[in-house]
Amino acid sequence: MRRMVRGEAAFGYLLMAPVIIYLALLLLYPLLLSVWFSLTDASTGQPFGSWVGLKNFTDVWSNETFRLALRNSFIFTFGSEIGKAILGTVLAFLLLRRFRGKKVLRALLVLPWTVPVALTTLGWLLLFDPTFSMLNRTTSAIGFPYHPNWLGEPVPAMIAIMMANIWRGFPFSAIILLAGLTSVPPEILESAALDGCGFLRRFHYIIVPMIAPILFIGLLFDLVFSFTDLSVVYLLTRGGPENTTHILPELAYQNGIQGGDLAQGAAISLFMLPVFVVACVIMLRILRRREI
Amino acid sequence: MASKAFEVSAPARAQERSPWLTRARKESIVTWVGLAFFLIIALFPIVIMLVTSFKQAGDLISVQTPPLWFHKWPTFAHYTYLFKQTKFLTWAWNTIVISFFTVVITLILAVPAAYALARLHFPNAENFGIGIFLTYLVPPALLFLPLTIILSRYVNLIDTKWALVVVYPTFTTPFCVWLLMGFFKTIPIEVEEAARVDGCSRLQAILRVVLPLSIPGLLTVAIFAFTLGMQEYIYALTFISNSLEKPVTIGVTSDLIRGDEYFWGELMAGALLAGIPVAILYNFFLDHFVEGISQGAIK
């Protein structure tokens, strides 16, 4: 009996080996390499430079553009998240209702999420383009008074990248919330209602605790991806006008690959690590709790 | 007649109206107004892209006319230009090749691991499972710089599509392991035991019984990995500058914008041609994706 169990363990490790080796080589090792680069004077031409300690981090920290990018990253992520939450919640409750042609309508409504973001961002580029300004021409047709040069001024440019990002992400928020809402068995709600629970109490004591884990995991995924995705910003503004809309991943790309300053690029990207670690810790707690 | 309606007292009016404006009708009006609002938001940029892709150059430039409709005859010129004068077909083919091999590698890595985590008892199995789920959170933004060096210095794959084939499974595999684990758990263990009683070895039982039964799961995972491969942007942007090796997301976004010159018609045509198939595939997968996430939450 014991021999069999030991055989099973060996078989288990054997089956796990490919994925563990692969992830160690292409995920863990690069991560460590990145830390190493950030502590040296590496460049893309000379990737194995010499040790400089924390110089890259202090250099980066004292750089105005970087600090603005750090701030922008948070504004961009949380601003987008709020927008996605509002639109996503309303849409989720709408999709919860019964209506004809639901499948087709849902497929259309999730298009912003299902078409690759790099490609739809081209549409936004055209909408914001100062010459054609499709957006401004449309909004002025319906009498909306705000017509800035979207990508040419700092504040409108921030709003523009957030708009594109919210548009891209709200269907996903809706779908996740919908999954949570439909996971609450209606019988529980009915019996609670029979027991004299009002809507607010049902919402607070039943719906929220039951869907909170799903929402949390969905939100964490979304936060991490929003915080670390460069495509919207890279395609729309490239950090402009005058370096006012950089975000961390896009700045790391511009400095590390286009500028060739590998060490500084690595240092910039490592500023994203804490967000990732916090997300991991919260995720771990959720995953562990479900064991009970 | 119409003014008379205003003269009746409020309760009477409500009564008079009630046969038409029932509760159900009211609800459905609210639903459809809401849906219309969201449809406009969701589709507005896409419709603009679609219209632009068929617009004649002169029509596109004229800023006096409303942008949402044609003022000169629609044209296929941008599409023909895309196919004849650009490398669009090469990019599309590259995307298919890259995504296909991403799927193959993902399955080779994920199937055994998912089976082990779902079925076998070994020390730390739970921790391995959670560890793999967490790696899905590691963002490409943390990895593209060191991976560039690895791919150019350690193995000479940089600037070829194979660089992407090697790297893409880093973000497809973790979630696929997690999903497949769920699928394997739904297959009754008795089926497998019966096969073993009939003289199959464990491996034979897996190959002949478990895998055929999980074909829907394997297909789902394959579609997922394929769509993720088709959507990817950061790695492709970082690793590939040779136009002949580009996947379509990079080809369209970089080669059709030359300096300050935007080929709007071609850009939109290319974006839609490349994007809509991904959207259709993704739509099939969406429910499973949500299931995978909820599985992490409730199990």
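**Exercise 1. Work out what share of the contacts in chain B between residues at least 6 apart in sequence join residues at least 24 apart.**

Start with the contact rule: two residues are in contact if their C-beta atoms, placed from the backbone, lie within 7 Å. Next, keep the chain B pairs at least 6 apart in sequence; 74% of these contacts join residues at least 24 apart. One caution here: the model is predicted, so local features need pLDDT of at least 70 and side-chain atom pairs pLDDT 80 or more, while totals for chains, interfaces and linings use all residues. Residues are numbered from 1 along each chain as its sequence is written, with chains lettered from A and ligands numbered from 1 in the order in which they are written.

**Exercise 2. Take stock of the secondary structure and burial of chain B.**

Elements first: chain B has 16 helices and two strands, taken as DSSP runs (helices H or I, at least four residues; strands E, at least two) and numbered from the N terminus. Now burial: 44% of the 299 residues of chain B are buried, that is, 20 or more other C-beta atoms lie within 10 Å of the residue's own, all C-beta atoms being placed from the backbone.

**Exercise 3. Describe how α6(B) and α13(B) pack.**

Step one, geometry: helix α6 (residues 88–119) and helix α13 (residues 215–231) of chain B have axes that come within 8 Å and cross at roughly 135°. Axes are lines fitted to C-alpha atoms, for helices over the stretch in contact, with angles from 0 to 180 degrees between N-to-C directions.

Step two, orientation: α6(B) and α13(B) are therefore oblique. Under 35 degrees is roughly parallel, over 145 roughly antiparallel, 65 to 115 roughly perpendicular, and the rest oblique.

Step three, residues: α6(B) brings, among others, B:Thr95, B:Ile98 and B:Thr102, and α13(B) brings residues including B:Leu218, B:Val221 and B:Phe226. By class, this contact has ten nonpolar, five polar and no charged residues. Nonpolar covers Ala, Val, Leu, Ile, Met, Phe, Trp, Tyr, Cys and Pro; charged covers Asp, Glu, Lys and Arg; the others, Gly among them, are polar.

**Exercise 4. Do the same for α8(A) and α10(A).**

The axes of α8 (residues 154–182) and α10 (residues 199–228) of chain A come within 9 Å and cross at roughly 160°, which means α8(A) is roughly antiparallel to α10(A). Their contact has eight nonpolar, six polar and one charged residues.

**Exercise 5. Break down the contact between chains A and B.**

Count each side: 81 residues come from chain B and 81 from chain A. On the chain B side, helix α16 (residues 264–297) gives the most, with 16 residues. Finally, sort that side by class: 61 nonpolar, 17 polar and three charged.

Definitions and conventions
Buried ≥ 20, exposed ≤ 12 C-beta atoms within 10 Å, placed from the backbone.
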